[in-house]
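This report covers selected residues of one model and the site of its ligand. The sequence and structure come first.

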Amino acid sequence: MAVHHLKTLGHVLVLNGPNLNLLGTREPEIYGHTTLADINTWLEKRADEADVAIEFYQSNHEGALVDKIQAARGNVDYIIFNAGAYTHYSIALRDAIAGVEIPTIEVHLSNIHKREEFRHTSVLAPVCLGQISGLGAFSYMAALEAVIDRLTKAAEAAATQA
Ligand code: DQA
């Protein structure tokens with residue numbers, strides 16, 4: 001986990017839920033060969049370029065994810081979240097996102113809407129800023145680009161007001 005407190009534009013938390021630690025070896029025909037460490041390395045490089053602080057956390061446990069979201073309150077500007085299977089039924093994670101009021105982008109490697117019916121519903125989507133699904137590892141990159149764009153615009157708006 002890398003946290004760069006000196007970076008100024010903003011702070012992003014990249015959260016991954018159950019089984020995403022197995023990326024690269026888990027059902028590669030669906031999820032690809034890229035590992036979570038590979039994805040995080042790309043994200044960190046891009047965040048560093050943009051002067052955005054980035055932090056990574058993965059857990060297979062719902063309560064640990066809830067704790068991490070709660071702890072992010074006041075410290076994190078955006079969350080990029082692949083909740084894995086919890087996406088489809090965790091009201092606890094939905095309530096945590098809604099409760100901390102941190103804009104959250106839901107991401108999925110696979111296109112959840114063209115898979116089994118039980119994956120078509122996201123209980124998180126209604127409390128998220130948006131959802132990116134089906135672009136493989138690029139789903140995370142696209143989410144980070146959106147966050148960088150928003151943080152840049154917020155910083156510009158703050159600068160013109162000052
Ligand atoms: C996933 C899709 C979920 O349905 C599944 O349970 C996962 C991964 C994705 O990234 O495509 O664990 O979130």
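## Residues with positive phi

The model is predicted. E101 has a relative accessible area of 67%, so it counts as exposed, the cut-off for that class being over 50%. The residue lies in the loop that runs between α4 (91-100) and β4 (104-108). Its phi is near 55°, a positive value in a residue other than glycine.

E27 also has a positive phi, of about 35°, and is not a glycine. E27 belongs to the loop between β1 (10-16) and α1 (28-31). With a relative accessible area of 37%, E27 is partly exposed.

## Ligand site

Which pocket does the ligand occupy? The space it takes is the largest pocket. The residues around the ligand are R26, Y31, N82, G84, A85, H88, H108, L109, S110, I112, R115 and R119.

Three of these residues place polar atoms close to ligand oxygen atoms. For A85, a backbone N or O atom lies 3.1 Å from an oxygen atom of the ligand. For H108, an N or O atom in the side chain is 2.8 Å from a ligand oxygen atom. For L109, a polar backbone atom is 2.8 Å from an oxygen atom of the ligand. On its own the ligand has 320 Å² of accessible area, and the protein covers 99% of this.

## S59 in the loop before α3

S59 is found in the loop between β2 (52-58) and α3. Is S59 buried or exposed? Its relative accessible area is 6%, so S59 is buried, as the limit for that class is under 20%.

The side chain of S59 reaches the backbone nitrogen of H61 at 3.0 Å. Leaving aside residues up to four places away in sequence, S59 touches N16, G17, P18, A64 and L65.

## E62 in helix α3

E62 is part of helix α3, which spans residues 62-72. At 27% relative accessibility, E62 counts as partly exposed. Beyond residues up to four places away in sequence, its contacts are Y86, S90, A92 and L93.

With one of these residues, S90, the side chain of E62 forms a side-chain to side-chain polar contact of 2.5 Å. The C-alpha atoms of E62 and A137 are separated by 23 Å, and the two residues are 75 residues apart along the chain.

Technical notes
Residues numbered from 1 in each chain as written. Predicted model: local features only at pLDDT ≥ 70, side-chain atom pairs only at ≥ 80, totals over all residues. Heavy atoms only, no water. Helix = DSSP H or I, 4+ residues; strand = E, 2+ residues; numbered from the N terminus. Buried < 20%, exposed > 50% of the residue type's maximum accessible area, 1.4 Å probe, protein only. Contact = heavy atoms within 4.5 Å. Polar contact = N/O pair within 3.5 Å; in protein donor to acceptor, adjacent residues only side chain to side chain. Near = heavy atom within 4 Å. Areas by Shrake-Rupley, 256 points an atom, 1.4 Å probe, with all protein chains shown as cover. 1 Å grid on protein atoms, 1.4 Å probe; cavity = no way out; pocket = protein on both sides within 12 Å on 5 of 7 lines; lining within 4 Å. Sits in = over half its atoms within 2 Å of the grid points.
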